[in-house]
2 protein chains.
Amino acid sequence: MSRAALAERMGVNRSTILALTSELAAVGLVREESPEAALGAGRPSFVVRPETDRVFVLAFDVAVDRLVVARVGLGGTVLDRRETTRPRTGVDLDTVVTGLAELGRELYDAAPPGTVCAGVGASYCGMIRPGDGMVRYGPELGWVDQAFGTELESALGIGLPVAVGNEAHLGAHAEFARGAGIGSPDLIYLHGDVGVGGGILVGGRLLGGESGYGCEVGHMLVNPHDGRECLCGSRGCLEAETGEYALLEAVGRAGEFGREAVRSVVRAAAEGEPTAAAAVAAIGDWLGIGVANLINLFNPGVVVFGGTLRELYAVAAPQVGARIRQHGMPVSRERARLLPSGLGDDATLIGAAEKGFAALLNNPLTQIARTRSAQTTC
Amino acid sequence: MSRAALAERMGVNRSTILALTSELAAVGLVREESPEAALGAGRPSFVVRPETDRVFVLAFDVAVDRLVVARVGLGGTVLDRRETTRPRTGVDLDTVVTGLAELGRELYDAAPPGTVCAGVGASYCGMIRPGDGMVRYGPELGWVDQAFGTELESALGIGLPVAVGNEAHLGAHAEFARGAGIGSPDLIYLHGDVGVGGGILVGGRLLGGESGYGCEVGHMLVNPHDGRECLCGSRGCLEAETGEYALLEAVGRAGEFGREAVRSVVRAAAEGEPTAAAAVAAIGDWLGIGVANLINLFNPGVVVFGGTLRELYAVAAPQVGARIRQHGMPVSRERARLLPSGLGDDATLIGAAEKGFAALLNNPLTQIARTRSAQTTC
């Protein structure tokens, strides 16, 4: 962005912007480039760019069937990554943390000389206690009150804390900052994996509630009559009716699991295979009820479908749309755009990276000095 | 509150508080009183009180079966009021506005000399466009896009704009400011009349969404299987399953309506009359599903039951509680208190008064000068 555009966006004058960008450039967070030869009249304004290649975070994504670790540059570019499949069940905290720390350390050590790691963020598919990254409840792994954040920090051993967030919460931030929801501060992000997670921004801020556990979209009861069993112990939750188990069981593939299995059913539905098409339509119907309820409650500007719901929504949009027209109040739904994730499978990873960058962005000069000195002593 | 307590609450020193309260006292908004003889040591701090009897707003409440107009003093005290029943259907904008303006003008003219009207607020049982008080949708009266706020302002003719809000939104603000939800900025207020309205505060602010029509709790679909018809045109909405029609029909009194009819059924249920008890229990069950969904989504500190839901919840608490334990996530529900409205039937009226006071509270010195001069010229 040019200095002139920055000044306008922030409502300050050009000399203030010059002073600020010079400070940031001096500590190596941005660089200022003379613009391409301008065709118009007037003195062209310098362009300010983040030092994407020099300032990075480590971002971890603990998803249901894979572990991803990446080096993500300032500005959201994935510079390097490692990915591994994860056994679906019976994985304890120590195994996950050790595996992640190994991959993370590998990326960290492979970072070019002169680069700096400004933070660490992690996305986890469960309920996270704000502040210390404790997993309060992770149904897929069967985790209850596991000290994921502090254990990963200690195993990683690079002198930086690990900021942990729920995958759908981070996906919401990522889509708002860099994806399908840019410019829409009232945003709902729905993330499909085994279940359905939700991240809801109200006026650009994550809906935390009294203790930080808001947004449990997946456990909204949508089918009180003959609801399917849910991992949470209840029945008829949105995620029980629309998640992976419901879809795979409906097409006679109850023993399988994972994104690829879900996607193959959705592809078959798109190609008109009748059993798959019926299964996807039935799930689209339940999903539409959930989205209509959310539209009535939140009057969102955008609803973003991520994870496996990205592909599912593309095929089930007629059912979802019909339910929204049937159950959504006209004035609540008239401004709501329904969109596929702009970041695809990397939404949660990019969200983890943004969480890792948060301390730096809140207080750049102090934080960059602190991280540089921490890493010299490691 | 004493000057010392104010200074602590606002994080400023005592001389700053003295300067501020002196300015407010000079324009007649507060008075400062020497405290009762203090028993403890040290110089006692002056007590600052709002000029409740001298500074008031006109507050209007258009409820389903009654119209209320009141003079409400700064600090939330009802100083004078008029109330009239309202025909249930077929009432056009002009009739309602003329009736309200007449009562309002009567109270305004009867205000003692030396008092000042600082604003006008109105509560309406429908969807209100933010800014101009247009009723976008008022199902009970069959109103669509009726210019309620501007028409009432013009009919009232006292030179002050009318700030209009939805009744449940205003009830939420009132319960947070002066009722059961003091100290709980993550608050859900549920208001029962014909239907069920909701006002949801997230971090102390009303959940507005993209265009100000959030909080449509009553049209959350809870019964997709054999749901009752709803006034909105859909079926199985929370308000269709828990509202007045559902309750009165279940006890064979389908032709009746109004708060008193609802309350007589709830009283009969409390006294053990079997048909009434079964009807209230069934409605408590649906209400519990709705509240459990809201707890999962919002992780509230408090859920307040107002309007006719106040009495209904008192009797149906076992069913509501059972559904919350069944469908609410433990970490989402562990901090949520369920409480009856602290303001009773005046919650929406007090909320309208607070909305009327908002301009004054945002900018007291300018606004009090402006209203005084407007009223001199009326």
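Me: In this predicted model, what is the strand order of the open sheet of 5 strands in chain B?
Reply: The pairing in this open sheet is mixed. Its edge strands are strand 13 and strand 15 (337-340) of chain B, and each pairs on one side only. Read across chain B, the order is 13-12-11-14-15.

Me: Which residue stands opposite B:F305 in strand 15 of chain B?
Reply: Strand 14 (residues 302-307) of chain B runs parallel to strand 15 of chain B. The two are joined by 4 bridges. Opposite B:F305 in strand 15 stands B:P340.

Me: How many bridges pair strand 11 of chain B with strand 12 of chain B?
Reply: Strand 11 covers residues 187-192 of chain B. A hairpin of 3 residues joins strand 11 to strand 12 of chain B. B:Y189 stands opposite B:G199 in strand 12. The two strands pair in the antiparallel sense, and the number of bridges is 6.

Me: Are the residues of strand 12 of chain B buried or exposed?
Reply: Strand 12 of chain B spans residues 196-202 and is mostly covered. B:V196, B:G198, B:I200 and B:V202 point one way. B:G197, B:G199 and B:L201 point the other way. Both sets have the status buried.

Me: Which residue takes a positive phi near 60° in the hairpin of strand 12 and strand 13 of chain B?
Reply: Strand 12 of chain B pairs with strand 13 (residues 205-206) of chain B in the antiparallel sense, over 2 bridges. B:L201 stands opposite B:L206 in strand 13. The hairpin has 2 residues between the strands. The positive phi near 60° belongs to B:G203.

Me: Why is one side of strand 7 and of strand 9 of chain B left without a neighbour in the sheet?
Reply: The open sheet here has 3 strands in the order 7-8-9 of chain B, with antiparallel pairing. Strand 7 (127-128) and strand 9 (143-146) stand at the edges, so each has a single partner strand.

Me: What is the bridge partner of B:Y137 in strand 9 of chain B?
Reply: Strand 8 (residues 135-138) of chain B runs antiparallel to strand 9 of chain B. There are 3 bridges between them. In strand 9, the partner of B:Y137 is B:V144.

Me: Does A:N296 count as buried or exposed?
Reply: A:N296 sits in helix 9 (residues 274-298) of chain A. Leaving out residues up to four places away in sequence, A:N296 touches residues of chain A, including A:H327 and A:M329, and of chain B, including B:Y213 and B:H219. Its relative accessibility is 0%, so A:N296 counts as buried.

Me: Which three residues supply 72% of the area that domain 1 of chain A buries against domain 2 of chain A?
Reply: Domain 1 (3-50) and domain 2 (55-168 + 349-377) of chain A bury about 570 Å² between them, 78% of it on carbon and sulfur atoms. More than any other three residues, the suppliers on domain 1 are A:V27, A:L29 and A:P50.

Me: What is the count of salt bridges between domain 1 of chain A and domain 2 of chain A?
Reply: The C-alpha centres of these two domains lie 32 Å apart. In contact are 6 residues of domain 1 and 8 residues of domain 2. Across the interface there is 1 residue pair in polar contact. The count of salt bridges is 0.

Definitions and conventions. Residues are numbered from 1 along each chain as its sequence is written. Chains are lettered from A and ligands numbered from 1 in the order in which they are written. This is a predicted model: local features need pLDDT of at least 70, side-chain atom pairs count only at pLDDT 80 or more; totals for chains, interfaces and linings use all residues. Side-chain values use heavy atoms; hydrogens and water are left out. Buried means under 20% relative accessible area, exposed over 50%, partly exposed in between (1.4 Å probe, protein chains only). Two strands pair if DSSP finds at least two bridges between them. Contact means heavy atoms within 4.5 Å. Domain bounds come from an automatic or database domain assignment. Buried area is the accessible area (1.4 Å probe) that two parts lose on being put together, summed over both. A salt bridge is a side-chain nitrogen of Lys or Arg within 4 Å of a carboxyl oxygen of Asp or Glu. A polar contact is a pair of N or O atoms within 3.5 Å; within protein, one must be able to donate a hydrogen and the other to accept it, and residues adjacent in sequence count only if both atoms are side-chain atoms.
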